[in-house]
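Colleague: I have not looked at this one before. Can you walk me through it?
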Amino acid sequence: MDTLNQIPYFDFLLSAFVGIGLSAATGFRVFLPMFLVSLASYFHWIPSLNTFEWLSTLPALITTGIATLVEILAYYIPVVDNFLDTIAVPMATVAGSVLFASQFADLGTVPQWGLAIIAGGGTAATISSGFAGIRAVSTTTTAGLGNNIVGSSETAGAGIMTVLAMVIPVIAALIAIFCVVLVVFFGRKAWKKLLSKQN
């Protein structure tokens, strides 16, 4: 670890890896990553930063826990899941930005949030948009029967990415970048397929 600390800007890079991983997780599910971070902070499994101490409080833990449960269950309800997709992208962008910014509390407000919106919000929005497209195609091609598989994949992805971001941030960041490329590729194909069917 001492050797790693000698790498220039190692702390900054580590924070970026964690931030990217958490942001990607919110692209899958908005509240699950926030709940897991809140849980880990509350039990002191990970250090809580002063600016984001609210995440480690019991009210935050309970609130994000309830929101997570409601969000997960709602995605298994036909029609409701498609409605949630219309608000998921902006919510994921905000959540991704917040979790990314939480890793750069010492950077300064303007660069902290500028970087958070571009890297964190952008990553979350891209993944969330891609899955919205995939679900839309699933709805039209399987009459919604395949939506449960999409929903379960998103929940699993959010959980796995959050844990990886906290435990093995470098791997989480690499997977996040891969997911962005993958979701953009398949998401664009899905939207094109949907538009062609509508036409």
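**A walk through the model**

Modeller: Let's start with one loop residue: His44 counts as exposed, because its relative accessibility is 68%. Keep in mind that this is a predicted model.

Colleague: Where does His44 sit?

Modeller: His44 is in the loop that runs between helix H3 (31–42) and H4. Its phi is positive, near 60°, in a residue other than glycine.

Colleague: Which other loop residue has a positive phi, near 75°?

Modeller: Val79 has that value, and Val79 is not a glycine either. Val79 belongs to the loop between H4 and H5. Val79 is exposed, because its relative accessible area is 65% and the cut-off for exposed is over 50%.

Colleague: Back up a bit. What is the secondary structure of the chain?

Modeller: The protein chain has eight helices and zero strands. Along the sequence the pattern reads α-α-α-α-α-α-α-α.

Colleague: How much of the chain is buried?

Modeller: Of the 199 residues in the protein chain, 44% are buried. As for contacts between residues at least 6 apart in sequence, 70% of them join residues at least 24 apart.

Colleague: Let's go through some helices. What span should H3 have, and what does the model give?

Modeller: H3 has twelve residues, so at 1.5 Å a residue it should span 16 Å; the C-alpha atoms at its ends are 16 Å apart, which agrees. Its buried residues are Leu32, Pro33, Met34, Leu36, Val37, Ser38, Ala40 and Ser41.

Colleague: Ser38 is on that list. How far is Ser38 from Pro59 in space?

Modeller: C-alpha to C-alpha, Ser38 and Pro59 are 9.8 Å apart, with their positions 21 residues apart in sequence. Pro59 is in helix H4 (residues 58–74).

Colleague: Is Pro59 buried or exposed?

Modeller: Pro59 counts as exposed, because its relative accessibility is 56%.

Colleague: Now H6. What span should it have?

Modeller: Helix H6 covers residues 109–142, which is 34 residues, so at 1.5 Å a residue it should span 50 Å. The C-alpha atoms at its ends are 46 Å apart, which agrees.

Colleague: Where is the kink in H6 centred?

Modeller: The kink is centred on Ala116 and comes to about 30°. Just after H6, Ala143 has a positive phi of about 60°.

Colleague: And H7, what span should that have?

Modeller: H7 has 21 residues, so the expected span is 30 Å at 1.5 Å a residue; its end C-alpha atoms are 30 Å apart, which agrees. Buried residues of H7 include Asn147, Val150, Gly151, Glu154, Ala158 and Leu164.

Colleague: Glu154 catches my eye. What makes it count as buried?

Modeller: Glu154 has a relative accessible area of 2%, and buried means under 20%, so Glu154 is buried. Glu154 is in helix H7 (residues 147–167).

Colleague: What is Glu154 in contact with, leaving aside neighbours within four places in sequence?

Modeller: Glu154 is in contact with Phe28, Arg29, Tyr75, Phe131 and Arg135.

Colleague: Different topic. How many cavities of 30 Å³ or more are there?

Modeller: The count comes to one cavity of 30 Å³ or more. The largest cavity has a volume of about 60 Å³.

Colleague: What lines the largest cavity?

Modeller: The lining has 13 residues, and those nearest the centre are Gly27, Phe28, Tyr75, Ala88 and Ser128. Helix H2 (10–28), helix H5 (80–101) and H6 are the elements that give two or more residues to this lining.

Colleague: How do the lining residues divide by type?

Modeller: Five residues of the lining are nonpolar, three are polar and five are charged. Phe28 and Tyr75, named among the residues nearest the cavity centre, are also in contact with Glu154.

Colleague: One last stop, Lys189. Where is it found?

Modeller: Lys189 is in helix H8 (residues 169–198). Lys189 counts as partly exposed, because its relative accessibility is 49%.

Colleague: How far apart are Lys189 and Val137?

Modeller: Their C-alpha atoms are separated by 9.8 Å, and the two residues are 52 residues apart along the chain.

Conventions
Residues numbered from 1 in each chain as written. Predicted model: local features only at pLDDT ≥ 70, side-chain atom pairs only at ≥ 80, totals over all residues. Heavy atoms only, no water. Helix = DSSP H or I, 4+ residues; strand = E, 2+ residues; numbered from the N terminus. Expected span 1.5 Å × (residues − 1). Bend = angle between axes of the 7 residues up to and from the residue. 1 Å grid on protein atoms, 1.4 Å probe; cavity = no way out; pocket = protein on both sides within 12 Å on 5 of 7 lines; lining within 4 Å. Points joined across faces, edges and corners; volume = space filled by probe spheres on them. Nonpolar A, V, L, I, M, F, W, Y, C, P; charged D, E, K, R; others polar. Buried < 20%, exposed > 50% of the residue type's maximum accessible area, 1.4 Å probe, protein only. Contact = heavy atoms within 4.5 Å.
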